[in-house]
Structure formats: C-alpha cells, structure tokens
Amino acid sequence: MPTPVKMPRLGESVAEGTIGSWLKQVGDTIERDEAIAEVITDKINAELPSPVAGRLVKILVQVDETVPVGTDIAMIEESADVTADSGTSGPDAAPVESVREAATPLPESSQPVGLPSNGTRVKQQREDEERQRISPLARRLAQEHGINLNDIAGTGAGGRVRKEDILAFVEQRQKVATPAAVYAPSAPAAAPVAQQPARVEVAQPTSEQLTEAGDEVVSPSRMRLAIAEHMVRSKRTSPHATTVVEVDMTNIAKWLAKNKDEFKRREGYGISFVPFVMKAVCEGIRKYPTINSTWTPDNKIIIKRHINLGMAVSTDTGLVVPTIYDADQYTLAALAKQVNALAQRARANKLTVQDMQNSTFVVNNPGVFGTIISMPIINQPHAAILSMDAVVKRPVVIEDDAIAVRSMMFMSMSFDHRILDGAGAGGFLQAVRTKLQSYGRDIDVY
C-alpha cells in the first residue's frame with residue numbers, strides 16, 4: 001500500500017505550506033530522506049525529505065498550491081514492482097479534489113421521496129465541503145474579524161478559502177465602512193431614570209485614511225504577516241508575566257576576550273556568551289522541569305522529556321527559531337558549533353524541516369544589538385522564553401561594600417502564568433544565574 005507524504009509543520013506557528021516545486025516526478029525512484037519537493041511557508045523555504053525509499057506514484061498537490069499542515073501531498077510505493085501509470089503530474093494533472101475519496105451513491109430504493117437523488121446531494125455536499133475547506137490560520141482570522149465564511153469567495157483549489165481571502169475581505173470591508181462614528185440608540189430604561197448614553201461604534205481607519213503626504217505604505221511580507229499573527233495569538237493565548245535578574249558575567253567575558261580568537265582558529269567557528277547561557281538554561285530546566293512544558297487545549301500540562309532549545313535568529317526576511325535537539329547533551333564547544341551552524345543555515349535560507357520543529361524552550365539574544373532589558377513574547381506553545389541582553393561594563397558594589405567595574409548582563413524571562421508562578425520562574429532564573437556566575441578564570445569548554 002502506498003505511503004502518504006504529508007505537508008510538514010515547519011515551525012510551531014505555521015499552519016499551511018505551498019509546494020514551490022517538485023524535485024521528483026511520478027515514476028522516479030526515491031531513496032529514504034532524499035529531497036522530493038521544495039516547500040514554501042510564511043517562515044522558510046525547505047526541501048522535503050522522503051519518509052521512505054520507493055517510487056513516487058502520485059502527486060496530489062500541484063506547484064503553487066497551498067494546503068494545511070498534515071495534508072497528503074504525494075504517495076510513495078515502497079514496492080519496486082509498482083508502475084507509475086496510476087499517478088498524475090504536470091500541468092494537466094487533475095486538481096486535488098479529484099483524487100480525494102469519491103462518494104459512493106446509495107441504492108435508489110434508499111432515496112427520500114421528493115428530494116434530489118443521493119448522487120446529486122452528495123455532489124452538492126462535497127462542493128459545499130470543498131467550498132468551506134479552510135486552513136486553521138484563515139479560520140482563526142475569520143473568527144477574530146467576525147466573518148461568515150459563506151460571504152467569501154475562496155481563491156484556493158475547489159473554492160478553498162485561504163488566509164489571503166480573509167485579509168482581502170477585511171480590507172474591502174474597511175474601505176466601504178464609513179469613517180465617521182455610528183450612533184446606535186440604546187434600549188429604553190425600565191424605570192423612569194435618565195436615558196443611558198448611546199453606544200458608539202467607530203470603524204477602524206484604513207491605511208488610505210491614515211496616510212499623509214509623503215508617507216510610504218508597505219505591504220508586509222508573508223513572513224511578517226505570519227509573525228504578526230503568531231505574536232497576537234501568543235499574547236491572546238498566554239497570560240504573560242516577566243521577571244528579570246542581573247548576572248555578573250565578568251569571568252566568562254574575560255575568558256572570551258582571552259580565548260575566543262584561538263578557539264575560532266582551532267575549531268573553525270566562533271564562541272560567544274550564547275552557549276554559556278544555553279548550558280546554564282539546560283541545568284536550570286533539570287532543576288525546574290515545569291519550565292520545559294506546554295499547556296494543552298484540554299487544560300493539562302505536558303512536561304517535555306527532551307530539552308530542545310529554540311534559538312531566535314534574525315534574518316533579512318524576518319525572525320526564525322530553529323532547534324538544537326537535546327541541547328543538554330552538548331558541551332560548551334559543541335553548543336557553539338550548533339549555534340553557528342543553525343545561524344548560517346538560517347541566513348542562507350537553508351534550514352530543513354527538522355530544524356524548524358519540536359523546540360521546547362527558546363533562548364533569545366537581542367543583546368547582540370545592544371539592548372539592555374527585553375520582554376520577549378512566548379513562542380507558542382512553550383511555557384516560557386528567555387532573553388539575554390547586552391553584557392556591559394559598569395561599576396557595581398561587591399564584597400565589603402567595595403566598588404568594582406564588572407561585566408554585567410540583564411536576563412529576563414516571560415512565562416505563561418497558567419503554568420508558572422513567580423516563585424518557579426524566579427527560582428529557575430536564580431539557578432541559571434548561579435551557574436553563569438560559578439565559572440572561574442579557567443573554563444573547560446570541552
């Protein structure tokens with residue numbers, strides 16, 4: 001039986017993907033993990049590896065077609081005896097809906113009297129279902145804006161309503177809305193008292209109404225729209241709370257100043273403050289495992305067994321969060337290698353499907369831009385996110401009320417208050433700080 005290839009989830013916030021190109025065609029022999037297609041999402045472009053070895057016998061989703069995560073996009077027959085004449089590909093191939101499961105008509109004797117035949121009704125029902133197929137992201141947008149999906153003409157395959165259709169409908173609705181306030185009379189009072197003031201509903205202004213002479217109106221990229229949606233959803237989903245600690249990074253800073261050039265010459269990649277913070281985070285999670293968890297829709301908390309650290313990377317097109325799997329198993333030098341490799345792949349747009357999945361906690365480093373204190377937004381569905389800000393020298397009070405110049409860093413963490421309270425979050429940050437301040441002048445990074 002053929003094995004289905006599904007549209008992958010390239011990141012926690014990604015709900016759909018687009019086929020950019022097929023790297024293999026029907027009839028081609030494929031090795032396990034060999035790239036078969038290029039997948040484009042709001043976050044990244046990635047090559048999709050084959051889950052099995054075999055022969056590509058069907059292509060279910062055509063180039064430039066967008067489908068939800070988890071949709072079957074192709075079929076691979078693991079048996080070498082299978083011929084390819086059962087599959088279709090290319091511009092003349094049937095659309096997605098034609099290869100879905102066909103409805104089986106009921107016997108004529110079972111048809112209700114006075115109603116259309118079962119075949120007609122099933123066909124109409126299937127058309128309605130195809131008409132209303134909608135990605136999770138577009139469905140959320142429709143709910144947020146109070147839109148009836150029957151009012152929208154979908155531009156996707158089979159009339160499928162896409163995110164772009166929702167946004168276009170909202171924009172059009174805003175254009176026709178009157179910019180002036182609309183006054184609605186209130187209901188009469190039950191008792192002879194002063195009438196309540198009328199409710200005032202103000203239409204949201206459009207970009208055209210907000211633009212002045214000389215202003216530039218920019219259409220956000222797909223990635224920026226996805227980031228915006230993810231950030232709004234995160235704030236709406238998790239009751240955010242943030243706590244901040246100050247860390248003395250002096251000994252680590254001195255070690256880096258003395259050894260980082262030699263380390264890069266010897267290893268071929270650099271080392272920074274980031275691996276030290278990641279190592280400390282892993283040890284803190286071992287002491288406070290609830291940090292490494294997620295709140296489920298059925299009101300349960302899942303504490304993750306693996307510590308997979310997401311690493312926020314700024315690229316020319318936007319922010320991505322690739323994953324370092326089992327980060328607690330690495331030495332400082334090995335973490336530095338992973339950080340360098342992921343950052344390079346992200347900025348070269350070479351991240352893989354695996355790179356963008358399964359993170360359980362994120363370490364963010366806005367300090368590279370000179371920030372002092374940050375309050376990050378949680379990367380759903382995580383319980384928390386940590387930001388490390390710039391390490392700067394300043395005078396501080398040390399033992400015996402002496403004043404010394406030390407390399408100090410603020411470290412903040414935003415956490416989901418459904419999962420964590422201030423005591424747990426503060427205890428975790430204290431454990432991270434203690435580990436970072438425990439390093440002496442000589443540090444073994446191996």
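This note comments on one helix pair and one sheet in a predicted model.

1. Helix 7 (residues 273-287) and helix 9 (residues 422-437) have axes that come within 8 Å of each other and cross at roughly 135°. Helix 7 is therefore oblique to helix 9, since angles over 145 degrees would be needed to count as roughly antiparallel. The crossing of the two helices is right-handed.

2. On the side of helix 7, the contact is made by Phe 276, Val 277, Ala 280, Val 281, Glu 283, Gly 284, Ile 285 and Lys 287. Helix 9 contributes Phe 428, Ala 431, Val 432, Lys 435 and Leu 436. Sorted by class, the residues in this contact of helix 7 with helix 9 are nine nonpolar, one polar and three charged. The polar residue is Gly 284, while Glu 283, Lys 287 and Lys 435 are the charged ones.

3. The sheet is open and consists of four strands, arranged in the order 5-4-2-7 with antiparallel pairing. Its edges are strand 5 (45-49) and strand 7 (66-68), each of which pairs on one side only. From one strand to the next, the twist averages 40°.

4. Within this sheet, strand 4 (residues 35-40) and strand 5 run antiparallel and are joined by five bridges. Which residue of strand 5 is the bridge partner of Ile 40? The partner is Asn 45.

Key: Residues numbered from 1 in each chain as written. Predicted model: local features only at pLDDT ≥ 70, side-chain atom pairs only at ≥ 80, totals over all residues. Heavy atoms only, no water. Axes fitted to C-alpha atoms, helices over the stretch in contact; angles between N-to-C directions. Parallel < 35°, antiparallel > 145°, perpendicular 65-115°, else oblique. Left-handed = near helix turned anticlockwise from the far one by under 90°. Contact = heavy atoms within 4.5 Å. Pairing = 2+ DSSP bridges.
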